[in-house]
Amino acid sequence: MLTVDRVTVTYDRTPAVRDASLEIADGEVLALLGPSGSGKSTLLRAIAGLESATGAVRWDGDDLAGVPVHRRGFGLVFQDGQLFPHRDVAGNIAFGPRMQGMPAGDRDRRVAELLELVGLAGYERRPVTELSGGEAQRVALARALAPRPRLLLLDEPLSGLDAELRESLALDLVGVLRRAKATTLLVTHDQEEAFTLADRLAVLDDGRIRQSGDVIDVWRAPVDERVARFLGVTAVLPGEVTDGRVSCAFGSAEVPWARVGTVTVGLRPHALRVASTGVPGEVVARARRRDHTRVTVDVSESVPGMSTVDAVATMADAVQPGDEVRLALDPGGMAIVG
Ligand SMILES: Nc1ncnc2c1ncn2[C@@H]1O[C@H](COP(=O)(O)OP(=O)(O)OP(=O)(O)O)[C@@H](O)[C@H]1O
């Protein structure tokens with residue numbers, strides 16, 4: 001188990017990470033999520049031993065303060081893979097096992113096993129300079145896993161890839177991490193990626209961990225409006241929770257997990273859907289997405305105190321700016337904030 005205990009990293013007297021504490025249990029994937037510049041990479045580097053920090057990083061209770069990077073038993077993957085350009089795929093993956101003194105025959109078997117795991121069976125002799133971006137990241141992952149690290153540190157491993165490839169590789173990566181039972185810290189600024197890959201989330205903002213917990217708990221109950229907005233919430237409004245249901249100006253929904261009383265309801269765009277019944281409003285803008293249409297709807301006439309909200313329509317709805325629509329509440333996109 002990894003324990004990060006009140007870690008602070010300071011550059012030129014400015015703290016980039018402040019008093020960060022977190023734990024990752026064996027076999028668990030924790031996503032460290034936060035906006036650009038929030039300190040994610042700095043914290044990952046401190047855990048790896050690449051940055052000096054105050055506080056403690058422990059593995060199974062042992063303080064790693066005096067342990068250099070290559071003796072921590074951690075595997076690292078960065079955004080751009082950083083493969084050795086002069087070695088072929090097998091040479092890259094076999095590097096760690098060779099450093100550990102693994103005999104050649106076992107190394108070959110390990111390389112083949114890992115290529116199978118990342119979906120690149122038979123790629124041993126390919127020069128890494130001839131790989132696509134997605135293939136290179138798979139090889140980087142196989143190389144990091146080859147020495148059987150006790151912790152895998154992934155820093156934005158998919159962000160150099162185009163959107164479609166990122167999505168499909170994220171799904172593959174879930175399978176790879178589960179099959180390898182890899183204890184993993186994943187740094188990302190992409191909430192979708194965090195939700196696809198992680199068991200738990202830690203949200204970092206301005207160097208501080210604002211919230212951590214099971215993915216679903218953080219998703220539906222962000223601690224404050226700032227975290228909520230970072231997790232996709234684009235509108236907030238008052239609500240009332242009684243008997244496991246929340247009521248707000250857009251309707252009511254079951255929230256058996258929410259605390260009873262007056263609450264702040266957070267709405268992500270897909271919490272409001274264009275439907276045949278619901279709160280009326282006028283479409284003021286529309287943008288087509290891959291599998292739906294995102295609309296901005298003026299609801300000021302029907303919801304006192306609100307101007308516009310984001311909502312989604314299906315492609316088949318064919319809504320235009322100027323259209324009158326009705327918006328129905330979809331609890332899947334809702335959060336109870338605070
Ligand atoms: N080597 C360094 N020297 C000085 N300041 C640094 C150094 N590395 C990072 N910083 C600063 O520390 C803060 C946190 O940076 P960090 O790279 O950890 O953020 P991040 O959340 O990973 O951002 P991104 O998603 O953009 O990579 C930033 O303000 C950054 O400018």
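The following paragraphs lead through the structure from its overall layout to individual residues. The model is a predicted one.

The protein chain has 338 residues, of which 41% count as buried. Its C-alpha trace spans about 75 × 45 × 40 Å along the principal axes. The secondary structure amounts to nine helices and 20 strands. Contacts that link distant parts of the sequence are frequent by the following count: among contacts between residues at least 6 apart in sequence, 64% join residues at least 24 apart.

The chain is divided into two domains, domain 1 covering residues 2-220 and domain 2 covering residues 225-337. Their C-alpha centres are separated by 36 Å. Where the two domains meet, eight residues of domain 1 are in contact with eight residues of domain 2. On the domain 1 side, strand 9 (200-205), strand 10 (208-214) and helix 8 (215-220) each contribute at least two residues to the touching surface. That side is mixed in class, with three nonpolar, two polar and three charged residues.

A database annotation may be set beside this division. The unreviewed UniProt entry lists residues 2-231 under "domain: ABC transporter". In the model, this span is 36% helix and 27% strand, and its end C-alpha atoms lie 25 Å apart.

The interior comes next. In soluble globular proteins, nonpolar side chains tend to be buried together. The largest nonpolar core of this model contains 99 residues, and A31 and L32 touch the most other members. Helix 5 (residues 133-145) gives the most to this core, namely seven residues. Because domain 1 (2-220) and domain 2 (225-337) both supply residues to the core, it lies between them. Apart from its neighbours within four places in sequence, A31 is in contact with L186, T188, A194, L197, A198 and L201.

Helix 5 also holds R143. Is this arginine buried or exposed? R143 has 29 other C-beta atoms within 10 Å; the threshold for a buried residue is 20 or more, and R143 is therefore buried. Once neighbours within four places in sequence are set aside, its contacts are N92, I93, F95 and G96. R143 and D298, which are 155 residues apart in sequence, have C-alpha atoms 52 Å apart in space.

Attention now turns to the ligand. Which residues surround the ligand? The shell consists of Y11, A16, G34, S36, G37, S38, G39, K40, S41, T42 and H189. By class, the shell comprises two nonpolar, eight polar and one charged residue. The largest share of the shell, three residues, comes from helix 1 (residues 40-48).

Helix 1 is itself mostly covered, with seven of its nine residues buried. These buried residues are K40, T42, L43, L44, R45, A46 and I47. K40 and T42 thus appear among the buried residues of the helix as well as in the shell around the ligand. Just after helix 1, G49 adopts a positive phi of about 95 degrees.

Positive phi values also occur in residues other than glycine. One of them is E156, with phi near 45 degrees. E156 is placed in the loop between strand 7 (151-155) and helix 6 (163-179). With 19 C-beta neighbours inside 10 Å, E156 counts as partly exposed, since the buried class begins at 20. D243 likewise has a positive phi, near 50 degrees. Its location is the loop between strand 11 (235-242) and strand 12 (245-248). D243 has 7 other C-beta atoms within 10 Å and is therefore exposed, because 12 or fewer such atoms define that class.

A last loop residue is V319, found between strand 18 (308-313) and strand 19 (324-329). Because V319 has 17 C-beta neighbours inside 10 Å, it counts as partly exposed. Not counting residues up to four places away in sequence, V319 touches V274, V283, R286, T293, V295, A313 and V325. One of these partners, V295, is 24 residues away along the chain, and the C-alpha atoms of V319 and V295 are separated by 8.3 Å.

Conventions: Residues are numbered from 1 along each chain as its sequence is written. This is a predicted model: local features need pLDDT of at least 70, side-chain atom pairs count only at pLDDT 80 or more; totals for chains, interfaces and linings use all residues. Domain bounds come from an automatic or database domain assignment. Two residues are in contact if their C-beta atoms, placed from the backbone, lie within 7 Å. Helices (H or I, at least four residues) and strands (E, at least two) are DSSP runs, numbered from the N terminus. Ala, Val, Leu, Ile, Met, Phe, Trp, Tyr, Cys and Pro count as nonpolar, Asp, Glu, Lys and Arg as charged, and the others, Gly among them, as polar. UniProt positions are given in the numbering used here, feature names are shortened, and annotations may be inferred rather than shown by experiment. A nonpolar core is a set of buried Ala, Val, Leu, Ile, Met, Phe, Trp, Tyr and Cys residues joined through C-beta atoms within 7 Å. A residue is near a molecule or strand if its C-beta atom, placed from the backbone, lies within 6 Å of it.
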